[in-house]
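Good morning, and thank you for coming. Please look at the sequence and the structure as they appear, and I shall then take you through them.

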Amino acid sequence: MTHANSDVDPVGDMQYRKTNRVVHKYHDRVIMLVTQNCPVYCRHCTRKFHTTEKQQSYFAEGEGSSYDADFEYIAAHPEIRDVLLTGGDPLTYNDRRIEQILARLRDIPHVEIIRIGSRYPVLLPQRITDDFCAMLERYHPVWFSTHFNHPSEITAEAAAACDRLLRAGVPVQNQTVLLKGINDDVETMRALLCRLLEIRVKPYYLYHCDNVSGVSHFMTDIERGNAIMEALTGHISGYAIPRYIVTTKLGKIPLEKSYVTQKDGKIILRSHTGQTMTINALDDVALQAEVLPQHD
Ligand code: SF4
């Protein structure tokens, strides 16, 4: 099913593409689309047109072509301090090939951190071997982003894979896509976020489902996403709360409602329980006033 306004490239990667693999959208960081292959092909994937070849791949020169131009671009741009390896899924490559990429990046002095985006901890956790983790340790600081959408995906094997990464000093964070009928209710989302904390994976982003072709049956409205965020913010550990955002051609835009409003020159602060206080400024003495918390 295709939504009337669905887009094959909803985040505008092609607009910001500088070389065969490098997309430079934000000033100080780039993504490297190292492959178009994945362990699974997610219906909701933002880069569906890259991974399915329906609309042709990003790889004008082919995935197997030299990386030289990609590394040369990064080396020539000293403002780039953060490189995210993504795709497709970089872990479809073997360790030797991933290490070649990491080593080339570590030869560029201004690249401070390297991130890897991969669903392997969720989908084939056995891929996260001790050897792989030991290899990553040689290229620190390396961060890891994975993609759990539902608490049922956090199996013992998945938890063990994340634990291996964490023990190798690789921080692991999670990006969830809000999907109608899958995780767009408070209890499922609460279970997912709390379970992630239990396995020491930080919930980082809750993505509003991008309007890619064939995904309209999974799309929710922003009100539903915000209702879930409000039902959880302040009610579970702050560590468990991701940013609720939408990815656009202009960049990532936070969607959360503000807890601060202004009226008649005053500032109104709203708590997670719905209580409000009106103050003149954020250093107002009213902030110090005793307000009895409500426990739910
Ligand atoms: S694994 Fe990631 S890149 Fe691959 S299809 Fe799923 S969301 Fe897209």
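Let me begin with one residue: is Asp68 buried or exposed? Before I answer, please note that this is a predicted model. To decide, we count the other C-beta atoms within 10 Å of the residue's own, and a residue with 12 or fewer is called exposed. Asp68 has 10 such atoms, and therefore Asp68 is exposed. As for its place in the chain, Asp68 belongs to helix 3, which covers residues 68-75. Asp68 also gives us an example of how sequence and space differ. Thr19 is 49 residues away from Asp68 in sequence, yet from C-alpha to C-alpha the two are 9.9 Å apart.

Let us now step back to the chain as a whole. The protein chain has 296 residues, and 30% of them count as buried. Its secondary structure consists of 9 helices and 12 strands. If we take the contacts between residues at least 6 apart in sequence, 75% of them join residues at least 24 apart.

How are the strands arranged? As general background, the strands of a sheet pair through backbone hydrogen bonds, and this pairing is either parallel or antiparallel.

I turn to the sheet of 9 strands. This sheet is open, its pairing is mixed, and its strands follow the order 1-2-3-4-5-6-7-8-9. At its edges are strand 1, residues 22-26, and strand 9, residues 251-254, and each of these pairs on one side only. From one strand to the next, the twist averages 30°.

Within this sheet, I should like to show you three pairings. Strand 2, residues 29-33, pairs in the parallel sense with strand 3, residues 82-86, and the pairing has 5 bridges. Here Ile31 lies opposite Leu84 of strand 3. Strand 3 also runs parallel to strand 4, residues 113-117, and 4 bridges join the two. In this pairing, Val83 faces Ile114 of strand 4. To travel from strand 3 to strand 4, the chain passes through helix 4, residues 95-106, in a β-α-β crossover that is right-handed. Strand 8, residues 243-248, offers a contrast in direction: strand 8 and strand 9 are antiparallel, with 4 bridges. Thr248 has Gly251 in strand 9 as its bridge partner.

Next comes the sheet of 3 strands. This is an open sheet with antiparallel pairing, in the order 10-11-12. Why do strand 10 and strand 12 each have a side without a neighbour in the sheet? Strand 10, residues 260-263, and strand 12, residues 276-279, stand at the edges with a single partner strand each, so one side of each is left free of a neighbour in the sheet. The twist in this sheet averages 25° from one strand to the next.

Strand 11, residues 266-270, pairs with strand 12 in the antiparallel sense through 4 bridges. Ile268 stands across from Thr278, and Ile267 stands across from Ile279. These two strands form a hairpin with 5 residues between them, and in its turn Gly274 has a positive phi of about 95°.

Finally, which residues surround the ligand? They are Cys38, Val40, Tyr41, Cys42, Cys45, Arg47, Thr51, Gly87, Gly88, Asp89 and Arg119. Sorted by class, this shell contains 5 nonpolar, 3 polar and 3 charged residues. Thank you for your attention.

Terms used
Residues are numbered from 1 along each chain as its sequence is written. This is a predicted model: local features need pLDDT of at least 70, side-chain atom pairs count only at pLDDT 80 or more; totals for chains, interfaces and linings use all residues. Two strands pair if DSSP finds at least two bridges between them. A crossover is right-handed if, with the strands pointing away from the viewer, the path from the first strand over the helix to the second runs clockwise. A residue is near a molecule or strand if its C-beta atom, placed from the backbone, lies within 6 Å of it. Ala, Val, Leu, Ile, Met, Phe, Trp, Tyr, Cys and Pro count as nonpolar, Asp, Glu, Lys and Arg as charged, and the others, Gly among them, as polar. A residue is buried if 20 or more other C-beta atoms lie within 10 Å of its own, exposed if 12 or fewer, and partly exposed in between; C-beta atoms are placed from the backbone. Axes are lines fitted to C-alpha atoms, for helices over the stretch in contact, and angles run from 0 to 180 degrees between N-to-C directions. Two residues are in contact if their C-beta atoms, placed from the backbone, lie within 7 Å.
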